[in-house]
Amino acid sequence: MERPTVPLVGWILTFPGGSLADLPGKEGRANLCGLAFIDGGAPDSVDRLGDLASDLRVWTEFDRFSLHGTSLRSNLDETLVLWADLLRMPGMTDATVAYAKRRVASQLLPIADPQAIAWNIFSTVARGQGHPLVRRATAPTYEAVTSSDCKQYRESYFRPGGARLSIAGAITRADVEGKFTAMFGLTGAAQALPLVPPPQPREARVVFSDTPGASQSTIIMWAPTPGLSDPDATATEVMSAVLGGDSVQSRLARSFARWRA
């Protein structure tokens, strides 16, 4: 998407992978290895990116792994050189993986939060125990991941076959083909992801979990909705946002505020 009046270029390089590809007993591998990945490149890569006002982030989802980059248009060429170095020399050493484990430690703290507990229970009830979307990373599963696991993950999924590159900003299609294609040096196709089994929801109508000492309670009401391929999926999503939403702007929240007033 070309926007010549904006002096920036932003891009997302997305590969198949994500938590769906986590090995049994090593849940969290995709997240951990993604953090280790962006610690690669030349030793001064981070400082040089900062001097250029450029940015590189990693995002791990259920079935994909994305590298996000932004740069001033005037610094794009130098930024891409650093980014290509990172792709060729990912930080998947014992030291970078150990550092990534220390970084993810804070992500485990919300597990004991009542809201996190409620959503974990909901996920299990709605999909069934053992479903890939129910699996959760824990301290032991993170600790079980090694640098060899990260290298295997990269070899399996960091391939142009199956990858997608999205770019917007002050750049033309010709520039994209000339600057990005030659930089990455990736070959081959990504390994096929495991198949996602159908959900097996429990028949229970009410599920309750006591969290002693919690200062708040979380209540979740749910019902099945159309899948993404259903013609009514978009309308259902809009209806849900208008009715319930996730903020004070929803209809229910505004009605509650008027009632309290």
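1. Let's start in the sheet: Leu8 sits opposite Leu72 of S3. These two belong to a pairing in which S1 and S3 run antiparallel, joined over nine bridges. One caveat before going on: this is a predicted model, so read everything here as computed from it.

2. The bigger picture for the protein chain is eleven helices and four strands. It has 261 residues, of which 34% count as buried. If you take contacts with a separation of 6 or more, 82% of them come from residues 24 or more positions apart.

3. Back to the strands. They form an open sheet of four, ordered S2-S3-S1-S4, with antiparallel pairing. The edge positions go to strand S2 (55-60) and strand S4 (164-169); each has a single partner strand, so one side of each has no neighbour in the sheet. On average, and ignoring direction, neighbouring strands here are turned by 15° against each other. As a reminder, strands of a sheet pair through backbone hydrogen bonds, either parallel or antiparallel.

4. Going through the other pairings: S1 also pairs with S4, in the antiparallel sense and over six bridges. If you want a residue to click on there, Leu13 stands opposite Leu165 in S4. S2 and S3 run antiparallel as well, joined by six bridges. Asp55 has Thr70 in S3 as its bridge partner. The connection between S2 and S3 is a hairpin, with three residues between the two strands.

5. What lies across the sheet strands? Helix H3 (residues 76-88) lies across S1, S2 and strand S3 (64-72). Relative to S1, helix H3 runs at about 20°.

6. The helix pair I'd look at is H1 with helix H7 (residues 147-157): the angle is about 90° and the axes are 10 Å apart. That puts H1 roughly perpendicular to H7. H1 brings Arg29, Ala30, Cys33 and Phe37 to the contact, while H7 brings Asp149, Cys150, Gln152, Tyr153, Arg154 and Tyr157. Sorted by class, the contact of H1 with H7 has six nonpolar, one polar and three charged residues.

7. Now Glu27, which is worth a look if you care about charged side chains. Where is Glu27 found? It is in the loop between strand S1 (8-16) and helix H1 (29-37). Is Glu27 buried or exposed? Its relative accessibility is 13%, and since the cut-off for buried is under 20%, Glu27 counts as buried. The side chain of Glu27 reaches the backbone nitrogen of Gly25 at 3.3 Å. Setting aside residues up to four places away in sequence, Glu27 touches Asp22, Arg135, Arg136, Ala137, Thr141 and Tyr142.

8. Last one: Pro4, in the segment before S1. Pro4 has a relative accessible area of 62%, and because anything over 50% is called exposed, Pro4 falls in that class. What does Pro4 contact, leaving aside its neighbours within four places in sequence? The answer is Gly169 and Ala170. Pro4 and Ile171 are 167 residues apart along the chain, yet their C-alpha atoms are separated by 6.8 Å.

Key. Residues numbered from 1 in each chain as written. Predicted model: local features only at pLDDT ≥ 70, side-chain atom pairs only at ≥ 80, totals over all residues. Heavy atoms only, no water. Buried < 20%, exposed > 50% of the residue type's maximum accessible area, 1.4 Å probe, protein only. Polar contact = N/O pair within 3.5 Å; in protein donor to acceptor, adjacent residues only side chain to side chain. Contact = heavy atoms within 4.5 Å. Pairing = 2+ DSSP bridges. Axes fitted to C-alpha atoms, helices over the stretch in contact; angles between N-to-C directions. Parallel < 35°, antiparallel > 145°, perpendicular 65-115°, else oblique. Nonpolar A, V, L, I, M, F, W, Y, C, P; charged D, E, K, R; others polar.
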